[in-house]
Amino acid sequence: MLKVAIQMDPIEAVNIASDTTFFLAMEAQQRGHPLWVYDFRTLALEDGALFCRARPAVIRQVHGDHVTLGDEVKLDLGKDVDVILMRQDPPFDMAYVTATYLLETVHPRTLVVNDPAEVRSAPEKLFATRFEGVQPPTLISSDPVALVDFHERHGDVVLKPLHGAAGSGVVRLKAEDPNLEALIEIHMAGSRDPLVIQKFIPAVSRGDKRIILIDGEPVGAINRVPAEGQVRSNLRVGGTAAPVELTARDLEICAIIGPELKARGLLFVGIDVIGDYLTEINVTSPTGAVQLKAFTGIDAAAILWDVIEAKHVPSA
């Protein structure tokens, strides 16, 4: 038995038909691992001990009645639990970064999935740039001159916030589109973060592939197809999930990045591939496991818990 705490957004509000965190939690419960859920804003570090306010949870696959929560308790995350799933959604802001610092005080004594220090060191759009030959032409900068120059050189491009998620703020700009400078101004008025500008990949019309890797190994993929006339394929903004096979190029990309993921303790990762190009490496709260199981029968949750159980000596 492993005692499992899940750092997540409110479990009462999740869509159990598609939510990966709920899917992972259900697999843990079916293996006899008791669950607690908590909000990262209740984390408290005192005299070297990390606590949170958590509620025990019993979950079930019943729409509208999928969770029973017990009374709130104070958990010592370094002593009272064996595994923490860090699964709150981005934005990857300073509050998120601070949560990784706090969780780092208990890992690996308490196994945190994914390793919080490595999550902090692997911002999803930046991390992908570490691997040569797998990305389309990409620039990350706050400098309007550099961003405009990239647009002029590459023509059709996609602009997106560096730490955005779920397709938020993603805009396509065709060659000679006059709106880039205005979009930069709007972004900079509300953020000091850089922007990502990337050569547009026409293959996105056929879908944006989400490949799930566990402990550095690819286990399967789904395709996320954008609505007609749209550039964003994320499921939260109208993309449609569809089955897809891994290609030789997909496997080549996984072979390039997989050893680094494994070495960093990034056990559960979702990468985004459009055509022949890697666009993002998602390490915070990757999704797609429910759809993968539905389309292929591949159970990423079961594979992940096999890995976790092999890495952790259970409590008596």
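The paragraphs below lead through a predicted model, beginning with a sheet and its helices and going on to the cavities and a single glutamine.

A convenient place to start is the open sheet of five strands, whose order is 15-14-13-16-17 and whose pairing is antiparallel. Strand 15 (240-243) and strand 17 (277-282) stand at the edges of this sheet, and because each has a single partner strand, one side of each is left without a neighbour in the sheet. Neighbouring strands of the sheet are turned against each other by 30° on average, when direction is ignored. Within the sheet, strand 13, which covers residues 208-214, and strand 14, which covers residues 217-225, are joined in the antiparallel sense by seven bridges; to take one pair of residues, Ile211 has Ala221 in strand 14 as its bridge partner.

Two helices lie across strands of this sheet. Helix 7, made up of residues 248-263, lies across strand 13, strand 14, strand 16 (268-274) and strand 17, and runs at about 145° to strand 16. Helix 8, made up of residues 289-296, lies across strand 13, strand 14, strand 15 and strand 16, and its direction is at about 90° to strand 14.

Turning to internal space, the structure holds two cavities of 30 Å³ or more. The largest cavity has a volume of about 90 Å³, and among the 13 residues that line it, Phe92, Pro123, Glu124, His163 and Gly164 are the closest to its centre. Sorted by class, the lining of this largest cavity comprises eight nonpolar, three polar and two charged residues.

The second largest cavity encloses about 50 Å³ of space. Its lining includes Leu24, Leu85, Met86, Arg87, Val113 and Asn114, together with Phe268, Val283, Thr284, Pro286 and Leu304. By class, the residues lining the second largest cavity divide into eight nonpolar, two polar and one charged.

The last stop is Gln135, which is found in the loop between helix 4 (124-127) and strand 9 (138-141). Is the residue at this loop position buried or exposed? Gln135 has a relative accessible area of 17%, and because burial is defined as a value under 20%, Gln135 is classed as buried. Apart from neighbours within four places in sequence, the residues in contact with Gln135 are Ala128, Thr129, Gln198, Tyr277, Leu278 and Thr279.

Notes:
Residues numbered from 1 in each chain as written. Predicted model: local features only at pLDDT ≥ 70, side-chain atom pairs only at ≥ 80, totals over all residues. Heavy atoms only, no water. Helix = DSSP H or I, 4+ residues; strand = E, 2+ residues; numbered from the N terminus. Buried < 20%, exposed > 50% of the residue type's maximum accessible area, 1.4 Å probe, protein only. Contact = heavy atoms within 4.5 Å. 1 Å grid on protein atoms, 1.4 Å probe; cavity = no way out; pocket = protein on both sides within 12 Å on 5 of 7 lines; lining within 4 Å. Points joined across faces, edges and corners; volume = space filled by probe spheres on them. Nonpolar A, V, L, I, M, F, W, Y, C, P; charged D, E, K, R; others polar. Pairing = 2+ DSSP bridges. Axes fitted to C-alpha atoms, helices over the stretch in contact; angles between N-to-C directions.
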